[in-house]
Amino acid sequence: MTSTTSMESASRSRRYRYINNPPHPSSIMEGYLQKQHSGSPTKRYVQTLTLRSDEEARREYIKWHSPEHNWKEVREGIRQVGILEMEIYILGNILVMIVDTPADFCWDEAVARLATLPRQAEWEAFVSQFQGCKAEATSSEKWQMMERMFFLYDTPH
């Protein structure tokens, strides 16, 4: 089993390369290792957002989500409201965000609380320039919750 540190390092390395040199489809097909959450039940939320349709906005959005440029207070706020893991995937100008939380997590309460934490509103206003929405739009106004339509878990026949 790969350690979390080496998994994070590999993920960061892949992310850095992606900013200036999008990966070849075969490297994407390697998959992404997932972090374990101490055996506790979790649930997942999946959202989507469309970036502005220009390459510069896309590059800047990716840059500002890299470890060197994202805002520490935003990451801390996300953890503070109980989010265990958050990943954003991109294809063209379409984003998909995957959020893993404890099973007892309340999305509406957490997002409302997150909006009040340090620099969150400032971050939302800043990234809105790449998202093509109003600067005062909240995260929940920008990101649209997706509905799961298929899963491959054990199910009764």
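**Note on the predicted model: strands, a buried threonine and a pocket**

1. Strand pairing, S2 with S3. In this predicted model, strand S2 (residues 85-91) runs antiparallel to S3, and seven bridges join the two. One residue pair that shows the register is Ile-88, whose bridge partner in S3 is Met-97.

2. The turn. S2 and S3 make a hairpin, with two residues between the strands. Gly-92 lies in this turn and has a positive phi of about 65 degrees.

3. Strand pairing, S1 with S3. S3 (residues 94-102) also pairs with S1 (residues 42-50); the two strands are antiparallel and nine bridges join them. Here Thr-48 can be used to read the register, as its bridge partner in S3 is Val-96. S3 is thus bridged both to S1 and to S2.

4. Thr-101. Is Thr-101 buried or exposed? Thr-101, which is found in strand S3, has a relative accessible area of 0%. Buried means under 20%, so Thr-101 counts as buried. Setting aside neighbours within four places in sequence, the residues in contact with Thr-101 are Pro-41, Thr-42, Lys-43, Tyr-45, Gly-82, Ile-83 and Leu-84.

5. The second largest pocket. This pocket holds about 480 Å³ of space. S1 and S3 are the elements that give two or more residues to its lining. The largest share, four residues, comes from S1. The lining residues include Lys-43, Arg-44, Tyr-45 and Val-46, along with Tyr-89, Val-96 and Ile-98. Further along the sequence, Met-145, Met-146, Glu-147, Arg-148 and Tyr-153 also line the pocket.

6. Character of that lining. Which classes of residue line the second largest pocket? Eight of the lining residues are nonpolar and four are charged, with no polar residues. Two residues link this pocket to earlier points: Val-96 is in the lining and is the bridge partner of Thr-48, while Tyr-45 is in the lining and in contact with Thr-101.

7. The chain as a whole. The protein chain has seven helices and four strands. From the N terminus on, the order of elements is α-α-β-α-α-β-β-α-α-α-β. Of the 157 residues, 28% are buried. Among contacts between residues at least 6 apart in sequence, 72% join residues at least 24 apart.

8. Surface. The protein chain exposes about 10700 Å², and 55% of this area is supplied by carbon and sulfur atoms.

Technical notes. Residues are numbered from 1 along each chain as its sequence is written. This is a predicted model: local features need pLDDT of at least 70, side-chain atom pairs count only at pLDDT 80 or more; totals for chains, interfaces and linings use all residues. Side-chain values use heavy atoms; hydrogens and water are left out. Two strands pair if DSSP finds at least two bridges between them. Buried means under 20% relative accessible area, exposed over 50%, partly exposed in between (1.4 Å probe, protein chains only). Contact means heavy atoms within 4.5 Å. On a 1 Å grid over the protein atoms alone, a cavity is a set of points where a 1.4 Å probe fits but cannot get out, and a pocket is an open set with protein on both sides within 12 Å along at least five of seven lines; lining residues have an atom within 4 Å of a point. Grid points are joined across faces, edges and corners, and a volume is the space filled by probe spheres set on the points. Ala, Val, Leu, Ile, Met, Phe, Trp, Tyr, Cys and Pro count as nonpolar, Asp, Glu, Lys and Arg as charged, and the others, Gly among them, as polar. Accessible areas come from the Shrake-Rupley method with a 1.4 Å probe; for residues, only the protein chains shown count as cover.
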